[in-house]
Amino acid sequence: MKIGNNWDLYLHQEFAKEYYQNLRKFLIEEYRTKVIYPQSHDIYNALRYTDYEDIKAVILGQDPYPNPEQAHGLCFSVPEGIRIPPSLVNIFKELHNDLGCPFPSSGKLTKWAEEGVLLLNTVLTVRAKAPGSHRGQGWEILTQKIIEIVNQKQDPIVFILWGNDAKRSKHLITNPRHLILEGSHPSPLSAWSGFFGKGYFSKCNEFLISQGRKPIDWNLSV
């Protein structure tokens, strides 16, 4: 398994472990016999778009969107031309209220990834129309390892944890150099009970600037 950047140096031993080899066998059979999202070549896009050396912030998601054409390997993101899902609509509403950024026409978040935002789901694949169907197969072991590796960075990082699934990884973030921002999940079911109004984007940039790091350009409309 090759990512194609510095992540290979940090994860090559992980890819050789038994749990990952079992996960790989499971995925080969799943992709052969069922409809799985995202496409296999997009599974590791979060790592490919955001090299280990470039990380400024981490946003943790759950598992990929289970509907056709939505998932492409970045949490909360959808490809160009795909209708923006409700959770992402709420993220954009909060972004507008926080920083005044105009509501973007696309839900594609690759610009954030290229700015240094690691858009990582805790589970990287899913069966069509079956949320959570690939949980417990080994992905959580790998993504927890990724969080632990990021936690070891000496460069200050902002971890943005939305919802209970993301907050379960909070115990892995032990480095006092980093900042943790928490809120409810942006889903319409929970956004009004602890997601809106927390100023995640401005607080992230204020922290980065205070640590001598370049802020993130969150504006997707330019």
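Start by selecting residues 57-61 and 158-162 in this predicted model: these are strands β2 and β5, which pair in the parallel sense over four bridges. To see one of the contacts between the two strands, pick Val-58, whose bridge partner in β5 is Phe-159.

Now add residues 179-183, strand β6, which runs parallel to β5 and is joined to it by five bridges. Here Ile-160 stands opposite Leu-181 in β6.

Stay on β5 and show its side chains. In a regular strand, side chains alternate between the two faces of the sheet. In β5, Val-158, Ile-160 and Trp-162 point one way, while Phe-159 and Leu-161 point the other way. Are these residues buried or exposed? All of them are buried, and the strand is mostly covered, with five of its five residues buried.

Next, move to helix α2 by selecting residues 18-33. Its 16 residues should span 22 Å at 1.5 Å a residue, and the end C-alpha atoms lie 23 Å apart, which agrees. Colour Tyr-19, Tyr-20, Leu-23, Phe-26, Leu-27 and Glu-30, which are buried. They cover an arc of only 120° around the axis, so they sit on the same side of α2. Rotate the view to the face turned away from that buried side, and you will find the exposed residues Glu-18, Lys-25 and Arg-32. What covers the buried residues? Show α1 (7-15), β1 (36-37), β4 (126-127) and α6 (139-151), which are among the covering elements.

The aromatic rings come next: the structure holds 17 aromatic pairs. Select Tyr-10 and Tyr-52, whose ring centres are 4.0 Å apart with planes at 35°, so this pair is tilted. It links distant parts of the chain, with Tyr-10 in helix α1 and Tyr-52 in the loop between α3 (45-49) and β2, 42 residues apart. Tyr-10 is partly exposed, with a relative accessible area of 35%, whereas Tyr-52 is buried at 6%. While you are there, add Lys-153, which lies over the face of Tyr-52 at 4.3 Å from the ring centre.

For another geometry, select Phe-92 and Phe-103: their ring centres are 5.4 Å apart and their planes at 90°, so the pair is edge-to-face. Phe-92 belongs to helix α4 (residues 86-99) and Phe-103 to the loop between α4 and α5 (110-115), 11 residues apart. Phe-92 counts as buried at 1% relative accessibility, and Phe-103 is partly exposed at 43%.

Finish by widening the selection around them. Phe-92 and Phe-103 are members of one aromatic cluster, which also includes Phe-76, Trp-112, Trp-192, Tyr-200 and Trp-218. Trp-162 of β5, where the tour began, belongs to this cluster too.

Key:
Residues numbered from 1 in each chain as written. Predicted model: local features only at pLDDT ≥ 70, side-chain atom pairs only at ≥ 80, totals over all residues. Heavy atoms only, no water. Buried < 20%, exposed > 50% of the residue type's maximum accessible area, 1.4 Å probe, protein only. Pairing = 2+ DSSP bridges. Expected span 1.5 Å × (residues − 1). Arc of directions from axis to C-beta. Contact = heavy atoms within 4.5 Å. Phe/Tyr/Trp six-rings, centres within 6.5 Å; stacked < 30°, edge-to-face > 60°. Lys NZ or Arg CZ within 6 Å of the ring centre and 35° of its normal.
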